[in-house]
Amino acid sequence: MACLGFCGEWFLSTRSNKLIAIHTKEPREPFVFDCSCAEKRIKIAKDVNSSDASEDTGSDTVLAFAVSSSGKLMAITDDTKRLILFQCEPSWHCISIRWVIRRCTSLAFSQAEDELLVADKSGDVYSFSVVEPEKDGELKMGHLSMLLAVTISADDQYIITADRDEKIRVSHRRSPYNIQSYCLGHHQFVSTLEIPKGHPHWLLSGSGDGTVKLWEFESGRKLQSWNLGQLEDKLCSDTTKGNQTNDEKLRLHSKLHLFHRPMDIGFDMKGQLWVLLDSSDVPLQIHIFRKNSWECDTENDDLRRVTDILRTQWTTTDNFTSVTNHFEHLYKVSFDNVSVYLKKKQQRIEEHQLKRTKTQKTKCNKKSKKKPDEVLTQPST
C-alpha cells in the first residue's frame with residue numbers, strides 16, 4: 001500500500017520496497033532507500049549439528065513508517081521484518097537496522113523521541129530504544145487480536161492501540177498492564193488513530209465499518225461519529241442550517257471530488273493537503289484552503305517538482321494501477337449455520353414433494369390406459 005507523509009520540509013512516500021524523500025523547498029538531492037538492497041538476516045538452523053543457514057524470506061515491501069514530532073527522525077518496517085531508523089536532518093542517513101519478531105502494522109515515536117513503539121500482527125507491542133539504536137526490542141504489552149494502529153498521547157503518558165476486534169485500548173505508558181480506558185463503539189476493525197493537533201485529549205479513529213469517531217480517550221467517552229456513506233446528506237443539511245450546534249466538536253466543512261482513487265493523504269507544515277492518487281499520470285494533488293473553501297492547486301511549483309521526481313522513481317518498477325485492497329482481508333466473515341440448514345431442509349422437502357407428485361401422476365396414467373375386462377360366454381347346451 002502506497003503512503004505519504006512529511007518530515008519537516010521533506011515529502012515522504014513509500015511504495016512497494018522503496019522509501020523516497022523529496023525536499024519541497026530546496027533543489028536538494030532526493031533520498032531513496034530500497035529495502036531489497038538492505039542488509040539481510042541469516043537464520044541459523046535449529047539443529048546444532050547442521051551447518052545449513054538461510055536468509056529470512058520476504059518481499060521487502062514497506063509495511064509502515066513513522067516520523068518523530070521534531071521531524072528529525074524517521075523509521076520504516078518491511079515484510080522481511082526489518083526495523084530501520086533514519087536521521088533526516090541535517091542530512092539523510094541510516095542509523096540502524098534491527099529485526100522484529102513478527103511482521104509489523106504500525107509504528108509510533110514517543111514525544112521525547114527516546115522510544116519507538118512497534119505493533120505487530122500477533123497483537124504485541126514492542127519497545128525499541130532510539131538512544132541505543134542497536135539494542136533489541138522489549139515486549140511492552142499485548143492484545144488478543146491483530147494490532148492495526150498504535151499512537152502515543154501528547155504528554156507521553158498513554159499508549160493507545162487499536163485492533164481487528166473493534167477495540168481501542170488506552171494504557172499507561174510506564175505500566176501498560178494498567179488500562180486507563182476502552183473506546184468502544186466500532187463494529188469492524190479499527191485501522192487508524194490520530195490525536196488532533198491543538199486537542200491533546202481528543203482521539204480520532206477510522207474503521208472498516210465506514211465510520212470516523214471522535215473520542216475523549218482518557219475517559220473512553222465518544223464525542224462524535226460520522227458515517228462516511230452519509231456525509232453528502234449531512235453536508236447538505238449543515239449548509240441549509242448555516243450554523244454549528246453546541247454539542248458538535250468538529251463540523252463537516254466540504255467534500256473534495258477526485259478523479260482517481262486516493263491511496264493516502266497528509267498535511268504539510270503550511271496546512272496544504274496532499275493527496276496521493278492511484279494514477280501514473282497524476283500521482284499527486286495539492287488542495288489549498290482559500291476564501292473558506294478547498295481548491296486544487298494545479299500550478300503549484302512544489303507539486304511539479306515532487307511529482308516529476310516521484311513519477312521517475314516509481315514508474316521504473318511499479319504499476320500505479322496494481323494497488324490491491326489493503327483492508328479486504330481484515331473484514332470478519334460470519335457463518336450462519338442455522339439458515340444454511342433450513343435452506344437445505346426446504347430444498348429436500350420440495351424435491352421429495354416433486355418426486356411424490358410425479359409418482360402419483362404415473363400411477364394415474366397407467367390406470368387410464370388399462371384394457372376393459374373381456375366378456376366370458378358359456379357354450380349353449
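**Exercise 1.** Which residue in β21 does Trp 202 stand opposite?

*Solution.* The model is predicted, so local features need pLDDT of at least 70 and side-chain atom pairs count only at pLDDT 80 or more, while totals for chains, interfaces and linings use all residues. Residues are numbered from 1 along each chain as its sequence is written, and side-chain values use heavy atoms, with hydrogens and water left out. Start with the strands, which are DSSP runs of E with at least two residues, numbered from the N terminus. Strand β20 covers residues 202-207 and strand β21 residues 211-216, and they pair in the antiparallel sense over five bridges, where pairing requires at least two DSSP bridges between two strands. Within this arrangement, Trp 202 stands opposite Glu 216.

**Exercise 2.** Determine the order of the open sheet and its edge strands.

*Solution.* Four strands form the open sheet, in the order β19-β20-β21-β22 with antiparallel pairing. The edges are β19 (190-194) and β22 (221-227), each of which pairs on one side only.

**Exercise 3.** Classify the ring pair of Trp 10 and Trp 92, and place it in the chain.

*Solution.* Rings of Phe, Tyr and Trp (its six-membered ring) pair if their centres lie within 6.5 Å, with planes under 30 degrees apart counted as stacked, over 60 as edge-to-face and the rest as tilted. By this rule there are twelve aromatic pairs. The rings of Trp 10 and Trp 92 have centres 5.9 Å apart and planes at 85 degrees, so this pair is edge-to-face. Trp 10 lies in strand β2 (residues 10-15) and Trp 92 in the loop between β9 (82-87) and β10 (93-99), so that the pair, 82 residues apart, links distant parts of the chain. Trp 10, Phe 31, Phe 33, Phe 86 and Trp 92 form one aromatic cluster.
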